[in-house]
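Trainee: I would like to learn how to read a model feature by feature. Where do we start?

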Amino acid sequence: MLHGASQYLISGLTTGATYGLTALGFTMIFNTTGIINFAQGEFVMLGGMLAVALMAVGAPLPAAVALAVLVTALVGALVERTVVRPVANAGPVQLVIVTIGISILVRGAAMLLWGKDTFALPAFSGTKPISLLGAAVAPQSLWVLAITLAVLALLKAFFSITIHGKAMLACAADPKAAALMGISVPRMAMASFGLSGFLGALGGAILTPVTLTSYDVGVMLGLKGFAACILGGLGSPFGAAFGGLLLGVLEALGAGYVSSAYKDAFAFIILLGLLFVRPTGLFGARSAERV
């Protein structure tokens with residue numbers, strides 16, 4: 001029983017790390033622009049699919065992953081500049097519809113480019129399981145967890161030390177005051193979309209060797225990333241990351257001890273239950289309100 005719990009824990013942390021990175025992407029954009037970006041899941045999909053495509057044309061695995069992440073970050077920045085910025089003054093509902101439209105467009109383009117097949121990436125350092133706490137752990141799971149922790153540490157340093165990070169925080173706190181202080185709010189918005197694309201693509205690329213990828217994987221990953229974002233507290237970056245890890249673990253335990261048939265439903269059952277108790281999420285301020 002203990003060994004089974006360890007196995008479910010590690011499996012949940014692996015997928016939860018990707019949910020956390022996706023949730024971080026939601027939070028970055030929301031904090032800077034107030035927009036809920038429902039195209040975030042497509043950034044995750046692009047990370048995996050572009051890495052597969054680049055390897056197919058001869059790129060080594062590290063270069064394929066790095067280029068896929070950078071290209072997706074550029075796609076995120078271009079989405080903000082060409083699609084979101086022209087309608088930035090629209091109402092919240094209209095902006096949500098715009099991001100849903102972007103999601104459908106990107107997913108359709110991916111289907112035309114790569115078809116409906118499922119693709120795989122090789123593991124970063126072999127597939128021989130490692131024994132840990134009585135569980136058999138795939139080396140790729142350790143890569144996923146290590147990269148996620150490294151990203152969190154780098155984000156912490158970025159927002160605490162760098163001028164651009166502090167400028168993004170200023171835009172999150174009060175865009176009008178930030179603009180009066182000489183900060184380019186539109187530029188920070190574009191940077192937030194680029195960073196969101198980077199985080200989503202990184203999550204997709206490191207998870208693909210574990211779960212495979214296809215043109216439509218972004219739909220469910222995006223929804224679960226949003227659920228993790230709400231679970232941790234919308235607007236709290238590290239709350240979002242923790243929410244992703246917690247959601248992955250609870251989902252794995254539910255699938256293991258209840259039924260794997262309801263695996264995808266657990267995330268939303270947990271979310272609905274939390275919203276009844278604490279609508280602002282685990283780490284959200286009770287009095288905070290973003291419109």
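Mentor: We go from the overall fold to salt bridges, cysteines and single residues. Keep in mind that this is a predicted model.

Trainee: Which secondary-structure elements does the chain hold, and in what order do they run?

Mentor: Count the elements, then read their order. The chain has 11 helices and 2 strands. From the N terminus the order is α-α-α-α-β-β-α-α-α-α-α-α-α.

Trainee: How does the radius of gyration of the chain relate to the globule rule?

Mentor: Set the value beside what the rule gives for the length. The radius of gyration is 19 Å, close to the 19 Å that the rule gives for 291 residues, so the chain is as compact as a globular protein of that length. Along the principal axes, the C-alpha atoms fill a box of roughly 55 × 50 × 35 Å.

Trainee: What share of the residues count as buried?

Mentor: Buried means under 20% relative accessible area. By that cut-off, 46% of the 291 residues are buried. The chain exposes about 13,800 Å², and carbon and sulfur atoms supply 72% of that area. Look at contacts too. Among those between residues at least 6 apart in sequence, 75% join residues at least 24 apart.

Trainee: How many salt bridges does a search of the whole structure find?

Mentor: Start with the general idea. Side chains of opposite charge can pair when their charged atoms come close. Here the search finds 3 salt bridges. In one of them, Arg107 pairs with Glu42, with the closest N and O atoms 3.0 Å apart. This pair links distant parts of the chain: Arg107 is in helix α4 (residues 92–114) and Glu42 is in helix α2 (residues 40–56), 65 residues apart. Both Arg107 and Glu42 are buried.

Trainee: Which parts does the pair of Lys224 and Glu251 tie together?

Mentor: Check the distance, then the elements. The side chains of Lys224 and Glu251 meet at 3.0 Å, N to O. Lys224 lies in helix α9 and Glu251 in helix α10 (residues 237–257), so the salt bridge ties together parts 27 residues apart in sequence. Lys224 is buried at 2% relative accessible area. Glu251 is buried as well, at 1%.

Trainee: Is Arg85 buried or partly exposed?

Mentor: Read each partner by itself. Arg85 and Glu80 form a salt bridge with an N to O distance of 3.1 Å. Arg85 is partly exposed, because its relative accessibility is 26%. Glu80 is at 4%, so Glu80 counts as buried.

Trainee: Which residues does Pro186 contact beyond its neighbours in sequence?

Mentor: Leave aside residues within four places in sequence. Pro186 then contacts Glu80 and Arg85. Pro186 lies in helix α8 and is partly exposed at 41% relative accessibility. Its C-alpha atom is 33 Å from that of Leu247, which is 61 residues away in sequence.

Trainee: How many disulfides does the structure hold?

Mentor: Judge by the sulfur-to-sulfur distance. The structure holds 0 disulfides. For Cys171, the nearest cysteine sulfur is that of Cys229, 18 Å away. The cut-off for a disulfide is 2.5 Å, so that distance rules the bond out. Cys171 is buried, with a relative accessible area of 0%. Cys229 is also buried, at 0% relative accessibility.

Trainee: Where does Ile183 sit, and which residues does Ile183 contact?

Mentor: Place the residue first, then list its partners. Ile183 is in the loop between α7 (175–180) and α8 (185–211). At 22% relative accessibility, Ile183 is partly exposed. Beyond its neighbours within four places, Ile183 contacts Ala167, Ala170, Cys171, Ala178 and Met188.

Trainee: Is Ser192 buried or exposed?

Mentor: Ser192 is buried, at 0% relative accessibility. This residue belongs to helix α8. Outside its neighbours within four places, Ser192 contacts Met28, Ile29, Thr32, Thr33 and Met168.

Trainee: What is the phi of Leu212?

Mentor: Check the sign and the residue type. Phi of Leu212 is near 70°, a positive value in a residue other than glycine. Leu212 lies in the loop between α8 and α9 (217–232). Its relative accessible area is 41%, so Leu212 is partly exposed.

Trainee: Which residues make the nonpolar surface patch?

Mentor: Name the members, then check where they sit. Leu272, Leu275, Phe276 and Val277 make a patch of about 460 Å². Val277 is in helix α11 (residues 263–277). With a relative accessible area of 67%, Val277 is exposed.

Terms used: Residues numbered from 1 in each chain as written. Predicted model: local features only at pLDDT ≥ 70, side-chain atom pairs only at ≥ 80, totals over all residues. Heavy atoms only, no water. Helix = DSSP H or I, 4+ residues; strand = E, 2+ residues; numbered from the N terminus. Buried < 20%, exposed > 50% of the residue type's maximum accessible area, 1.4 Å probe, protein only. Contact = heavy atoms within 4.5 Å. Patch = residues over 30% accessible without salt bridge, like charges linked within 9 Å, V, L, I, M, F, W, Y side chains within 5 Å. Areas by Shrake-Rupley, 256 points an atom, 1.4 Å probe, with all protein chains shown as cover. Salt bridge = Lys/Arg side-chain N within 4 Å of Asp/Glu carboxyl O. Rg over C-alpha atoms; globule rule 2.2 N^0.38 Å.
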